[in-house]
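Reader: Please take a close look at one part of this model for me. I would like to follow the charged side chains first, then the surroundings.

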Amino acid sequence: MMEKIGFLFSGQGSQYVGMGKSLYDDNEVFRRVFDSVKLPFDIKRICFEGSLEELSKTENAQPAIVLMSIAILEILKQ
């Protein structure tokens with residue numbers, strides 16, 4: 001019998017400035033995923049150094065949370 005695994009990721013409202021910074025600094029897989037994303041704005045700056053007001057805007061929060069989720073999933077796959 002094959003086991004099924006589900007993942008539940010945070011949604012908008014869970015974001016905070018600095019989220020993922022220690023993973024970015026310490027984990028090659030996380031950093032590679034994070035750096036591979038091409039957006040018309042600097043998501044790394046917004047996540048790690050921006051203001052909460054800037055990060056909480058839907059147009060920034062949604063991609064930031066999805067990016068964090070994907071990068072963490074890639075770590076888990078390892």
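**Salt bridges and surroundings**

Author: Lys 44 and Asp 35 pair through their side chains in a salt bridge, with N to O at 3.7 Å. The model is predicted. The cut-off for such a pair is 4 Å between a side-chain nitrogen and a carboxyl oxygen, so 3.7 Å qualifies. Both partners are partly exposed. Lys 44 has a relative accessible area of 31%. For Asp 35 the value is 36%.

By this rule the count comes to five salt bridges. Two others, within helices, are worth a look.

Take helix α1, residues 21-26. Lys 21 forms a salt bridge with Asp 25 there, and their closest N and O atoms are 2.8 Å apart. The spacing fits the helix: the two are four residues apart in helix α1, so about one helical turn separates them. Lys 21 is partly exposed, at 33% relative accessible area. Asp 25 is partly exposed too, at 42%.

Helix α2 spans residues 28-36. Glu 28 forms a salt bridge with Arg 31, with 3.6 Å between the closest N and O atoms. Here the partners are three residues apart in helix α2, so the separation is again about one helical turn. Arg 31 counts as partly exposed, with 24% relative accessibility.

Now the nonpolar side. Leu 23 also lies in helix α1. Its relative accessible area is 31%, which makes Leu 23 partly exposed. Patch members need over 30% relative accessible area, so Leu 23 passes that cut-off. Leu 23 joins Ile 5, Phe 7, Phe 9, Ile 72 and Leu 76 in a nonpolar surface patch. Together these residues have about 580 Å² of accessible area.

Ile 72 leads on to the largest pocket. Ile 72 is among the residues nearest the pocket centre, along with Ser 10, Ile 65, Met 68 and Ser 69. The lining has 14 residues. By class, 10 are nonpolar, four are polar and none is charged. The pocket holds about 240 Å³ of space. Helix α5, residues 58-77, gives the most to the lining, with five residues.

Helix α5 also contains Lys 77. Lys 77 is exposed, with a relative accessible area of 58%. The C-alpha atoms of Lys 77 and Met 1 are separated by 21 Å, with the two residues 76 apart along the chain.

Methods:
Residues are numbered from 1 along each chain as its sequence is written. This is a predicted model: local features need pLDDT of at least 70, side-chain atom pairs count only at pLDDT 80 or more; totals for chains, interfaces and linings use all residues. Side-chain values use heavy atoms; hydrogens and water are left out. On a 1 Å grid over the protein atoms alone, a cavity is a set of points where a 1.4 Å probe fits but cannot get out, and a pocket is an open set with protein on both sides within 12 Å along at least five of seven lines; lining residues have an atom within 4 Å of a point. Grid points are joined across faces, edges and corners, and a volume is the space filled by probe spheres set on the points. Ala, Val, Leu, Ile, Met, Phe, Trp, Tyr, Cys and Pro count as nonpolar, Asp, Glu, Lys and Arg as charged, and the others, Gly among them, as polar. Patches are made of residues with over 30% relative accessible area and no salt bridge: like charges are joined within 9 Å, nonpolar side chains (Val, Leu, Ile, Met, Phe, Trp, Tyr) within 5 Å. Accessible areas come from the Shrake-Rupley method with a 1.4 Å probe; for residues, only the protein chains shown count as cover. Buried means under 20% relative accessible area, exposed over 50%, partly exposed in between (1.4 Å probe, protein chains only).
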